[in-house]
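User: Could you take a close look at the salt bridges in this one for me? I'm a first-year student, so please walk me through a few of them slowly.

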Amino acid sequence: MAAEKLRDLSQPIDVALLDATVAAFYGTGSKEERTTADHILRDLQSNPDMWLQVVHILSNTQNLNTKFFALQVLKGVIKYRWHALPVEQRDGMKNYISEVIVKLSSDEISFRRERLYVNKLNTSLVQILKHEWPIKWQSFVQLQLWQSFVPDLVAAAKTSETICENCMAILKLLSEEVFDFSRGEMTRQKIKELKQSLNSEFKLIHELCLYVLSASQRAELITATLATLHAFLSWIPLGYIFESPLLETLLKFFPVPAYRNLTLQCLTEVAALSFGDFYNMQYAKMYSIFMVQLQNILPPSTNISEAYLNGSTEEQAFIQNLAMFFTSFYKSHIRVLESTPQNINALVMGLEYLINISYVDDTEVFKVCLDYWNLLVLELFEAHCNLDNPAEAANMMGLQMFPAMVDSQIMQRRQLYAVPMSKLRLLTICRMAKPEEVLIVEDENGNIVRETMKDNDVLLQYKIMKETLIYLAHLDHVDTEKKMLEKLSKQLNGEDFTWNNLNTLCWAIGSISGSMVEEQENRFLVMVIRDLLNLCEIAKGKDNKAVIASNIMYVVGQYPRFLRAHWKFLKTVVNKLFEFMHETHPGVQDMACDTFLKIVQKCKRKFVIIQVGESEPFVSELLTSLATTIADLEPHQIHSFYESVGQMIQAESDPQKREEYLQRLMRLPNQKWAEIIGHARQSVDILKDSDVIRAVLNILQTNTSAASSLGTYFLSQITLIFLDMLNVYRMYSELISTSIAQGGPYASRTSVVKLLRSVKRETLKLIETFLDKAEDQPQIGKQFVPPMIDPVLGDYARNLPDARESEVLSLFATIINKYKGTMIEDVPRIFEAVFQCTLEMITKNFEDYPEHRLKFFSLLRAIATYCFPALIQLSSEQLKLVMDSIVWAFRHTERNVAETGLHLLLEMLKNFQASEFCNQFHQSYFLTIEQEIFAVLTDSFHKPGFKLHVLVLQHLFCLVESGSLSEPLRDVSTDPYCCPNNGFFVREYTIKLLSTSFPNMTTTEVTQFVNRLFESRIDLSTFKNHIRDFLVQSKEFSAQDNKDLYAEEAAAQQERERQRMLSIPGLIAPNEIQDEMVDL
């Protein structure tokens, strides 16, 4: 009864009843009471007329949560329906909120008591402002009529200190909304209008802030004013800062503890501004005064790291803000400080402060410092690289002078920064982050354990630190080497030995791989590896040995060039890795196998030729002792080992030797395989034994690892086991089907069935790996595909859904991608076996059979790309099934499935456009595709597909305007109205479609958008921007993370960055470069 009364909005809502409902929702009553209250509140919030009750609720309730609920209802209306409301209703709501804010903030007691409520009202007011101001706003104080919002607000602020404090809060919110959070929230035109209005009227805000800071004694008001200034300082004209007392006023507040952090944040915003050289003198003066004050607050002799550790929250915030100030100032104005001896002294002192702050044990503080150090050393490095090109160097440094003077300037600069850079090298070495390859870590209890989860933040930090240290190494290789060897000698003599010190040093040594010339690298590495091997010999305790082993493996894995040039070192290192493979400490064996693979990939040729002083190639020696070497390894480690040896064998150019090595490598698994198959021929039941199943699985995995390295050269081995493998596959498939048929769906989760399915999957993976890695030889496809048709495809079709392996789909997708058009004849059989039955499995919902979804659409995409003629042969019913499945795919909330569906759709559209069936296809599917693409485009769950949605729409609009379609798209029988052409019809259809879908937008707005799309269809960038604006305007994408709408631009930037890194020796480590290294 109470619920029905609340839901009846034909009369003023019962506020007392609403209070009780809200109290029940937030209360500690029963779960049923809270659930009931939740349903009622949700129903009210979704009722389009509920917002009309907001004023009545706010006027009659004292419950803060009820007020918040009412404002939440109002927020939805402002966001999505504001412009659809009558003008008098908009003005009434605007005036009511303004009145309540003024009333509550006029009185000190009510302002403090209702502060949370006032803050929510402020937010609502600013949201309205974003719609109304500067065009439609008339009055903030209802009694007067002002020309614009800002003069109105400033006038209200002068009537009372508490009103002034709240006005500051409103201004701060407005600045943040317009300048910080506007992207993806408002159209570009609206953002531009608001910024222009704020800029043009900032004079009044500026005067108000200065007045408050000079005249008020109220701490809360001064704090609010500084916070507002902080929000505005990043965008106001510089004249308001440097041609007024503002900067001087801020510097006076800096020494006052109560305002120190806020003032420092304001000064940081000023420091970050950069608009030419006009205010250089003012910046130099500001920095000079600041440094004098800072020395009194934080003496240079202070141990900042220790002070931070023991400091209060405010003191820690001060250190963080100080790092922000120095880095912001130096990024924009460090040149100003390099001009005079007095400024240079202050600069060097500031850099010393920043280096000391960089030792603070806080991730966020260190990130701030590290980002700046990276920029500074990059700039110094680029100037150093351009010594041979004085004109480029002068341009980069912003100088206009003769070449000789440029050289002199660069050398003076290097000299100026020599001492700080030397200290920075030591800092970077001491704090180097852990690289991805290191698997052995110290846990919170001080124990050495295997890492269980990668920390992406640490990996990103390592990338930046590695880059910084490489620039530092290029600037002074001698000092870098000296610092590292000094620290290493302290590890060796025990003076400075700790796990952390050794780790960071070795990670730093490994990180500069590729940055030295070969001769210097050789000399340096000989000393490093010798010392580390000695340290491993003299170390006592398993944990110590594990840490040292981890570091040896990491360092040697980073320097393949050195190892290729020094066979004895390479052999010693590999034999040491074989030793580590017998070390059972967690993580050591894994890292040994990983490092072995990494070294072999870059030095493989060295292992198959007879080296000086050797009687046979190393690979032959290794194969002789293979069983002993892998005796203590786990199965997954053995597979990695086989992949490594496969890499060696692949490098052998003599076919006869290569075949001999392969037979020796596979001897152990082949003996076991022959034994199992021999027993199975006598009694097939042996294959049902769980230990035998595990052995079969292990043999197949070993073969897969070798095949991934050997590619085509694995042909003889896979031929040896192929037919027996298919027989085992068929038998295990029958066992699985029988188990599931008898035991139901739960049978598929039993350990035996899981094990059997693992064998089936590994069989498919082995075949797929071999065919994918083998050279493009059609006879290989013809040899292996026909025997698989019934055992694999037929088995898939016959099986129960729970027994179908998704790897079948990926295998045939790989085959079609590999052998392309030669597979056209086989496509109908593939289609018949997998299409209908898989579609029935995956279209019931978006959750079941997740592995089948992506692989099914990947197979369809391969067919559409390389065997399109086979799709044309489908009946209209079958083609409709294909198109329906594509639509279903790009509707999917799983990103990979949706993107594969969109790529598939683009392939289909391009292929049909070029085919003789262009008209028939588009008459059937053009409008459906357009409608479905707009549906997902405007659904925020599908933001990651934005780029592809845009490409599909662009393709459709270009097609319809190109004249390629000679038949009408409209249904002439039901729509006899004669459109001039298809282009006109699609425009009208799109306008109608969007107008119906977005009733909050006017027909004029929709028409303008559609016309702009057609006009810009050739220019993808403009086309895309119009769609972004539409998404914001339609309010479908609002205060959300909209980075996916800009993903394409971000990807292009990443590629440019990679190309830049490739041009600088060492920035991408030799073992990370995909191109085959010279291996002679």
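Analyst:
**Salt bridges up close**

Let's start with E899 and R895, whose side chains meet in a salt bridge at 3.1 Å, N to O. Keep in mind that this is a predicted model. E899 and R895 sit four residues apart in helix α46 (residues 895–913), so about one helical turn separates them. How buried or exposed are they? E899 has 21% relative accessibility and counts as partly exposed, because buried would need a value under 20%. R895 is partly exposed too, with a relative accessible area of 42%.

Next up is a pair in another helix. K576 forms a salt bridge with E579, and their closest N and O atoms are 3.3 Å apart. Both residues lie in helix α30 (residues 567–580), three residues apart, which is about one turn of the helix. Here the two partners get different labels: K576 is buried, at 10% relative accessible area, whereas E579 is partly exposed, at 48%.

Now for a pair that isn't within one helix. R757 and E805 meet through their side chains in a salt bridge of 2.8 Å, N to O. This pair links distant parts of the chain, 48 residues apart: R757 is in helix α39 (residues 751–773), while E805 is in the loop between α40 (778–798) and α41 (807–819). R757 counts as buried at 10% relative accessibility, and E805 counts as buried at 1%.

R757 and E805 don't stand alone, either. Salt bridges that share partners join them with K760, R761, D795, E807 and K855 into one network. Across the model, the count comes to 43 salt bridges.

While we're on charged side chains, have a look at what they do with rings. The charged end of R658 sits over the ring of Y713, 3.6 Å from the ring's centre. Likewise, the charged end of K120 sits over the ring of F68, 5.4 Å from its centre.

Rings also pair up with each other, and the count of aromatic pairs comes to 42. Take F831 and F835: their ring centres are 4.4 Å apart and their planes are at 10°, so this pair is stacked. Both lie in helix α42 (residues 827–842), four residues apart, or about one turn of the helix. F831 is buried at 8% relative accessible area, and F835 is buried at 4%. For F921 and Y925, the ring centres are 5.2 Å apart and the planes are at 45°, so that pair is tilted. F921 and Y925 are four residues apart in helix α47 (residues 918–937), and both are buried.

Conventions: Residues are numbered from 1 along each chain as its sequence is written. This is a predicted model: local features need pLDDT of at least 70, side-chain atom pairs count only at pLDDT 80 or more; totals for chains, interfaces and linings use all residues. Side-chain values use heavy atoms; hydrogens and water are left out. Rings of Phe, Tyr and Trp (its six-membered ring) pair if their centres lie within 6.5 Å; planes under 30 degrees apart count as stacked, over 60 as edge-to-face and the rest as tilted. Helices (H or I, at least four residues) and strands (E, at least two) are DSSP runs, numbered from the N terminus. Buried means under 20% relative accessible area, exposed over 50%, partly exposed in between (1.4 Å probe, protein chains only). A charge sits over a ring if NZ of Lys or CZ of Arg is within 6 Å of the ring centre and within 35 degrees of the ring normal. A salt bridge is a side-chain nitrogen of Lys or Arg within 4 Å of a carboxyl oxygen of Asp or Glu.
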